[in-house]
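Q: Please take a close look at one sheet in this model. How are its strands ordered and paired, and what packs on it?

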Amino acid sequence: EGVNMSIFDKSQEEILQWFKERKQKELALEPNAVDEEDQPLNELKVVFLGDGEAGKTHTIARLLNDGAQVSKFRSVSTPGIVIEDKEYTIGDRQVKVHYWDFGGQEILHSMHRMFLTDRTLYVVVLNVREGNQDDRARYWLHNLRSFAGGAPVLLVLNKMDMNKNASVNETDLRKLYPGLTKIVKLSTLTYNQAKFQSEFIDVLKEQVGAMEILDAPLIAAGKRVKEKLQNMEDNYIKGDIFRQYCNECGVQGSDNVRRDLLDVFGNLGVSFCYSDSMDLEDHVVLKPSWITNAIYIILFNKVESVKNGMVSHDTIYRMLTSKDMEKVRRTVTDATYKRDEVDYVLKVFRKFRLSFRVEDEDMEFMPMLCDADATAASAEYEDDPNALEFRMHYEYLPNNVIHRLMVERRAELDQNNVWLFGARFVCGETGRSAVVKTEGNLLRILVRAEKDPRDPQRYLDELKDNLERINAIMGLTV
């Protein structure tokens, strides 16, 4: 595809060079940018996922301590995302691994789609003490199938000392998620260093060594840009500054090359970039810890003024700029936010359809901040014998579906009838309205019409089409 047929008039050596240059371009490389040899990347992001209390943080602490038991580690739920690095010798190469520890709180699960990338190794840690490991394994594998593009997954059954006979239905899980590479049984709390090394670290290193991204060639100029981003003092830079970094480091060529570099850095977790534009000037390159801290502050601090998911930009600004650690919980103590930077944070929410700005008001609607309790509209539409109902049964139904529907159909959203798992929509002056809500893996659409008895079907079809587009984007099966 895209091959210039004239290359077949070239010599074998010239053809091989053509394919090399094409491959370089795909991997965000600019051939002949500087007179230096390409080198393998030898770097990888490893993301730990799992419910709270599964033991992710303790497991990572032992990884960082070469498998030895640790007496001190974060025993409380991980606040947001914590990133820590470790270097390993794998074969004849030195590999740097960036460990990402995702908090297990359910409200954070909506954040996953912002940071899950396909050229990443995932470690899903399950707490077998609860005895529901098959259900939780399916939940997390569904999550990854939706947001991580089939990336490899290492499944860990932890706390085996508390449930020695624990297992999972491996055959069914592999059908669900072909990217499942290995299942490991572990007791982070009781294994000694030698056993932790053989049962987990050696397995993890084998998985890391098999990742193709390690062999991705990156010119020295690209590595210098990466180091600049990793060491930059600013919490973010704009696209024109990133272009300046590239020029200073010797990366030549078009802005397509620079945007491809940003994709590589995003896969590594070096930086997080948001933009809905192809224009590099519109890109903002963020330190992951800076944006994850802001998200955590907004989602995990009780704000009395929040009502029906509505929060003022002034309130968000005060939360982000507060220095009072007792009043405002955060993940990074030295992260600061200026007033104009609040908009950067909110643009990230909006990019992933996690919020929208209320027109003509200095307010933001965030579905994740809605109360869990359904409003009266839910029961009213259920009890209406004239309401037209349609049900969609999902294999896996994340809250992102109903939240995204609220954001995309914000012009019809009845702001007085929204809750964490549903909302009422009113279609202008047509007399058509609907309640859409989720119940586990079931999504229900209940439609009413006050003027024309044919109208419920019309509105139902609109809502179904919208949901089918969302399902396709998220890779969900109904």
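A: The mixed sheet comes first, then a second sheet, then confidence.

The model is predicted; local features need pLDDT of at least 70, side-chain atom pairs count only at pLDDT 80 or more, and totals for chains, interfaces and linings use all residues. Residues are numbered from 1 along each chain as its sequence is written, and side-chain values use heavy atoms, without hydrogens or water.

The sheet is open and has six strands (DSSP E runs of at least two residues, numbered from the N terminus). Their order is 3-4-2-5-6-7, with mixed pairing (at least two DSSP bridges between two strands). Strand 3 (81-90) and strand 7 (180-185) are the edges. Each has a single partner strand, so one side of each lacks a neighbour in the sheet. Direction ignored, neighbouring strands are turned by 20° against each other on average (axes are fitted to C-alpha atoms).

Take strand 5 (residues 121-127) and strand 6 (residues 153-158). They pair in the parallel sense, over six bridges. L126 has L157 in strand 6 as its bridge partner.

Two helices (DSSP H or I runs of at least four residues) pack on this sheet. Helix 4 (residues 133-147) touches strand 2 (43-49), strand 5 and strand 6 (contact: heavy atoms within 4.5 Å). Its direction makes about 155° with that of strand 5 (angles run from 0 to 180 degrees between N-to-C directions). Helix 6 (residues 193-209) touches strand 2, strand 3, strand 4 (93-102), strand 5, strand 6 and strand 7. Helix 6 makes about 170° with the direction of strand 7.

Now the second sheet, as a reference. It is open, with five strands in the order 15-19-18-17-16 and antiparallel pairing. Strand 15 (388-393) and strand 16 (413-419) are its edges, each pairing on one side only. The twist averages 15° from one strand to the next. Strand 15 pairs with strand 19 (residues 442-449) over six bridges, in the antiparallel sense. There, R391 stands opposite R444. Helix 14 (residues 400-408) packs on this sheet, its direction at about 30° to that of strand 17 (422-427). Helix 15 (residues 455-474) lies across several strands, among them strand 15, and runs at about 150° to strand 19.

Finally, confidence. Mean pLDDT (the predictor's confidence in each residue, 0 to 100) is 86 for the chain, and 87% of residues reach 70 or more. Residues 1-9 fall below 50, with eight contacts beyond near neighbours in sequence. Residues 25-35 are also below 50, with 29 such contacts in the model. Where pLDDT is low, predicted coordinates should not be read in detail.
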